Amino acid sequence: MFAAEEVSWLFRNVWLIPALPALSFVLILFFGKRLPFKGAEIGIASVVVAFSLAVLTTFAWIGNIQSAESHSEEAIFLEGPDGEQTPIVLTAEEAGEARGAPIITEVEWFSIGPDANKVILGTEGNSDAGHDEDGHSDDEDEDGHSDDEDAGHDDDEEEGAGFGGDDNVVDVAFAEDGGTVAEAHGDRFSISIGTLVDGQSVMMLFVVTFISLLVHVYSTDYVKGDRRFTHYFAFLSLFTSAMLFMVLSTSTMQLIVGWELVGVCSFALIGHWWEEKANSDAALKAFLTNRVGDIGLLIGMSILYFAAGRTFSIPRINELAVNGTIPKGTLTIAAVCLMAAVMSKSGQFILHTWLPDAMAGPTPVSALIHAATMVVAGVYMIGRLYPVFFIGFGIAGSSINLMAFIGGLTTVGGGALAFVQKDIKKVLAYSTVSQLGYMVLALGMGAYTAGMFHLFTHAFFKACLFLGAGSVSHACHHSFDMKADMGGLRKYMPKTFWTFMIGSGALAGIPPLAGFWSKDEILVGAGVWPNTGGNGTYYLPFVFGMITAAMTAAYMARTIWLTFFGEYRGHDEPHESGARITTPLIILAGMAVVVGFLNMPSGFVKFFGAPEGLAHRFEDWVEPAGVSTFVTSDNGFTHAKPSLSLAIVATLLALTAGGAVVAYYRALYAKDSKATEYTDGVMSRIPGLRAGHKFLEEKYYLDHLYTGAIAGGTKGPLARATDWFNQNVLDGIVNGVGKLSVGLGNFIYNIIDQKAIDGVVNGSGNSASGAGQFLRGMQTGQVRQYATLMFGATAVVAAIFIFAV
Amino acid sequence: MQSFLENWGITAMVFAPLVGALIMMLIPEREEGTHKLIALVSTVVAGGLGALLMLDFDYAKAGEMQFGRDMRWIEIINARYAVGLDGMSLPLVALTLFVVPLVIIYSWDHIPSPGNAKAFLMLILVLHTGMIGTFVARDLVLFFVFFEVVLLPMYFMIGVWGGEKRLYASIKFFLFTLFGSAFMLVAFLALYNLTGGESFNIERLAELVQSEGLSTRTQVLLFGGMFLGFGIKVPMFPFHTWLPDAHTQAPTQGSVILAAVLLKLGTYGFIRIAIPILPEGAVEWAPWIGLLAVIGIIYGALGCLAQTDMKRLIAFSSVAHMGYVMLGIATLTDFGINAAIFGMVAHGLITGLLFFLAGSIKERYHTLEIKRLGGLLVQAPKMGWVLGITTMASLGLPGLAGFWGEFPAILASYNPAPGLNQTVFRVYMVVAAIGTVLAAAYLLWLLQRTAFGTPSEEFIDDPEITDMQWNEWVAWVPMLIMVIVLGFLPGLLFDISNDKVSALGEIFQALGN
């Protein structure tokens, strides 16, 4: 598809993709307000270019994989446990670049640590021992062999977001040269910044730029005339840049930086309308909750840094995790810590509470940040460091682990909350929580590809739904209340209705829409259904997954019926939105239809007589690189086999649940087309159900616990007690000592020489008038007196202590 | 020219401000403009000399003393005038040279009540000399003199130009610090005598301590004396109570200099003097320093949450932030001490900016009571932005300078120097990490209550509330740029400090094995 040089150029210059929006941020901030479209044009232009580059990179990557596959005689294949052929270490091309292996382009960011020449190396010839796993068995191995390429290294030439500069790139193909990534620039321990191109990151590049572009276009209409239109676009650019920067991380340090930068963009955009306290409260809550999770991130990454022999390099950490250099116990602790970060960023129970509140931000932001991209950062991080989690949690051969449990709890817990919302965005927010739980659940069961695939498909249909909700709200005079201001909208806004239907169908897993394929893979991955294989037998997670499949269909049916069916309950006539809003909706709905076909099971492909090559494309493109050494190692994960019967059962379950809800609302609307619930329904009649309903409405009382008890307790009693201690106890001691000294001084004064002591007391200076006199004295030229007093006072007091001690 | 720079560059840089102050003394008080100009010129001259030195500095040998000058001074006690610049002092000298001129520019329209620009600016210049002198001194007596020279100008600044409780605050500041200095001096003198009364030179003393084989017990005692001197200056919990009072009462310029540079004299003392000279004492003290550091982190943060006054809140935040610096130092590792140096510079820039902002807000609203503020972004959007970026930097957001002092210190505590108890330091690591949440909490609450929302009734139509003025632009923007540049290119600073710090770190690697 591309010439080798073009591919190589693209892979080495992916840094342009985050750099362009970063540049756009600066330009919008400084010049945006003076431009005809108030800065939106810069943002859109930069994202268009970034998206084009991302598409090119995607095709180049796919081409790379395809040609590796077609050159089967050059590549090494390994017989997988299920009879599939999986390509592993891929043959180097003449450019010296391994096909399918991650392409890492790095520059030194900074370095901390001793000169490696002085460090005694464990093994002399370590640089040749890239494939020798025993060479890394020593934990303290500093691995400081030097790299020839970075002579004349100069990081002052860094551009854009602070990285890049193609004349001093250092490229290390990890699969070829296992050990070189470890801190070997020149002679120091260096921390690098750069780009890592592999299936997983290329997939995210595509998703982020694609959705960002549509959100930019959508926003030009949606936030038209906003009081901070320019700032809004500036932060959209900054967010896009930070997210892409994080996605391309080669080191955990870079990942942390990107991770926090997307967090601050989220903060700024949730609090976009900061005049109202509710919005800034939501922004603070998001930031602070994420900070709680970040404790785990900072600690987990620190653990991995030392466990891997002082390196932040992600491929290196993964490699050492796979080959067993890092003990399993260490991996477990690190994985638990990192899990806290995943819980906050990806809205997992019990740190999910910020995500629904984040809906205080503008709706396109909710679509981009709080549904499609940023919130999957946690899931992405699991994938990036999958060996750490996989081995740390002992995912293979298990039936439950922390990750699968948290994912399962989140997916059911979040789904249940979606039932009691009357705000359409809140429904979608809880649905996002639930679906993120699905992804974590998948990864927790070893279904790496299924989790990543669900991340991929979810981004499109959830963005479609959020933007659809925005379109609805646009029509209903900026209300998001389904019960008060909506109903019957399908007649008024057919485009929004149909795209919303497709998005919901995809979310609910109705074949052949996107969500069906990815959800099905996750359920298969549990390894519970007969003849599916998998990594273990995850009964409980499987049950969680099935319940969620039913619940998702049900709450989406409820949402659709409340919003689009029955009769309009709001005021004034609603209207369909303009083209800049509906076009992104249509595109996203189209994606929600087609992207699922990217990863069809081979049985399905055969059944329809399609070429075999169309099966599990996503798996082939995304999987081999990110975890290439991992898939094929002894510790690696295996693929579950698809099951037609499970697909049918799960689909029937979803249809039944959804159908029941539809029946409920049809009956309701038949009685009263403007009603939203039965006035004397079961909820109000049965105390147990009523209590359960209340429990859900109060969001499991978690907000009371966090905001009321923990935050309030810290801010209130605890902080006040500290202050009291400071003012009364500590300062009491200080003042007491002061008074005691004065008393002692008076006592000595009365006994010993008056004049000598007199000088000291005055010299110490105890009043402002005294100070003023000194100054006046100084100004009138009595410098000598001043100097004498200054040094005299110091010397006398010091002398007292010298003799006293 | 070149040889002048090599031989006299540092000396000229140190004393240029003092010369300025002497010239000002000859000019009558009423010529305020001239005074401001002289003050600015002399700090710019010092800055220019510093810039020339830094251009001439051999960064490949940042671990070694450069532009050294060693001359006879007080022969009877073998105290010599020895100065020099290396990778450890250079960042702090640069910080001082960078911040003080900005303070003087800010003072153009902001001479605090009761006026008298001449005296006020002269004090700043004397401070300037004292601060740079402390950072370049290589002789303990010289160090001590500069360290103490700083005390009096600051005392007068608080006592004369301060707020309502300036009397109490200034005396507390003075006596508290002097109290610590006395112990420090005792330790210096004892060290001198115990090593044979040969030299006060810092590097020489470090060698002598090793060759004389000073017992660990002696080292612990000597370290204790220095700890009081430096620890109070930092200030470390529980010796910090002078700080909130001094900061709150000091005029804006005083607070900025205090936060930006003065506190660093203490932390610098640890890494320049106490730890290299007394490594075995340092190993014994490190867990306790670490303990006080993490208590300071949490305690300072909780103290912040309880404050109702913006300036007092920022003052308390220094206790927490310096806790990270001290934690980094306590790990006795290259990562930790590099982080500490970065943290010092970052804290200087960030907290300095915060105090500038507090001063300007006070000037406009005539109050710093957080409850009464709000809507700064509406009334003075540019200032609100500066406040927003600065609080983000202060809470340690990556991409801004504060992060690089914080995370590496946390990371280093996971694996402290050999000989230190790993479990204890890992507990410190967790506590310090929790501190980052509290830091975000108090800073964001501050931001929310001052910058977000809408202005209250009493200020809504106040004509005095304007956006940034010219001298605020000139003073703040360079600091802001540095905060961002260092945030993205931490190597600019790490690469300077690393050589010297790694050499120090290796002492402890060797000591533990």
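This short talk goes through a few places in the structure above, from the contact between two chains down to single residues. Please keep in mind throughout that we are looking at a predicted model.

Let me begin where the chains meet. In this model, 61 residues of chain A are in contact with 62 residues of chain B. On the chain A side, at least two residues each come from β3 (103-111), α6 (252-270), α7 (277-307), α28 (702-751), α30 (768-779) and α31 (783-804), and α7(A) gives the largest share, with 15 residues. If we sort that side of chain A by class, we find 32 nonpolar, 17 polar and 12 charged residues.

I turn next to the interior. The largest nonpolar core holds 459 residues, and the ones with the most contacts inside it are A:Ala463, A:Ala592, B:Ala274 and B:Ala432. Helix α14 of chain B, residues 334-365, contributes the largest share of this core, namely 19 residues. To take one of those alanines, B:Ala274 touches B:Phe223, B:Met226, B:Phe227, B:Phe230, B:Gly269 and B:Ala282, if we leave aside residues up to four places away in sequence.

Staying with chain B, I would like to show you a pair of helices. Helix α1, residues 2-25, and helix α4, residues 117-136, pack with their axes 9 Å apart and at an angle of about 165 degrees. Since angles over 145 degrees count as roughly antiparallel, α1(B) and α4(B) are therefore roughly antiparallel to each other. Their crossing is left-handed. The residues making this contact include B:Ile10, B:Met13, B:Val14 and B:Phe15 on α1(B), and B:Leu121, B:Met122, B:Leu125 and B:His128 on α4(B). Taken by class, the residues of this contact are 14 nonpolar, four polar and one charged.

Finally, let us go back to chain A for a single residue, A:Met403, which lies in helix α14 of that chain, residues 402-418. Is A:Met403 buried or exposed? A residue counts as buried if 20 or more other C-beta atoms lie within 10 Å of its own, and A:Met403, with 28 of them within 10 Å, is therefore buried. Setting aside residues up to four places away in sequence, A:Met403 touches A:Met339, A:Phe389, A:Phe393, A:Val440, A:Leu443 and A:Gly444. One further pair involves A:Met445, which is 42 residues apart from A:Met403 along the chain, while the C-alpha atoms of the two are separated by 8.2 Å.

Methods. Residues are numbered from 1 along each chain as its sequence is written. Chains are lettered from A and ligands numbered from 1 in the order in which they are written. This is a predicted model: local features need pLDDT of at least 70, side-chain atom pairs count only at pLDDT 80 or more; totals for chains, interfaces and linings use all residues. Axes are lines fitted to C-alpha atoms, for helices over the stretch in contact, and angles run from 0 to 180 degrees between N-to-C directions. Helices (H or I, at least four residues) and strands (E, at least two) are DSSP runs, numbered from the N terminus. Angles under 35 degrees count as roughly parallel, over 145 as roughly antiparallel, 65 to 115 as roughly perpendicular and the rest as oblique. A crossing is left-handed if the near helix is turned anticlockwise from the far one by less than a right angle, and right-handed if clockwise. Two residues are in contact if their C-beta atoms, placed from the backbone, lie within 7 Å. Ala, Val, Leu, Ile, Met, Phe, Trp, Tyr, Cys and Pro count as nonpolar, Asp, Glu, Lys and Arg as charged, and the others, Gly among them, as polar. A nonpolar core is a set of buried Ala, Val, Leu, Ile, Met, Phe, Trp, Tyr and Cys residues joined through C-beta atoms within 7 Å. A residue is buried if 20 or more other C-beta atoms lie within 10 Å of its own, exposed if 12 or fewer, and partly exposed in between; C-beta atoms are placed from the backbone.
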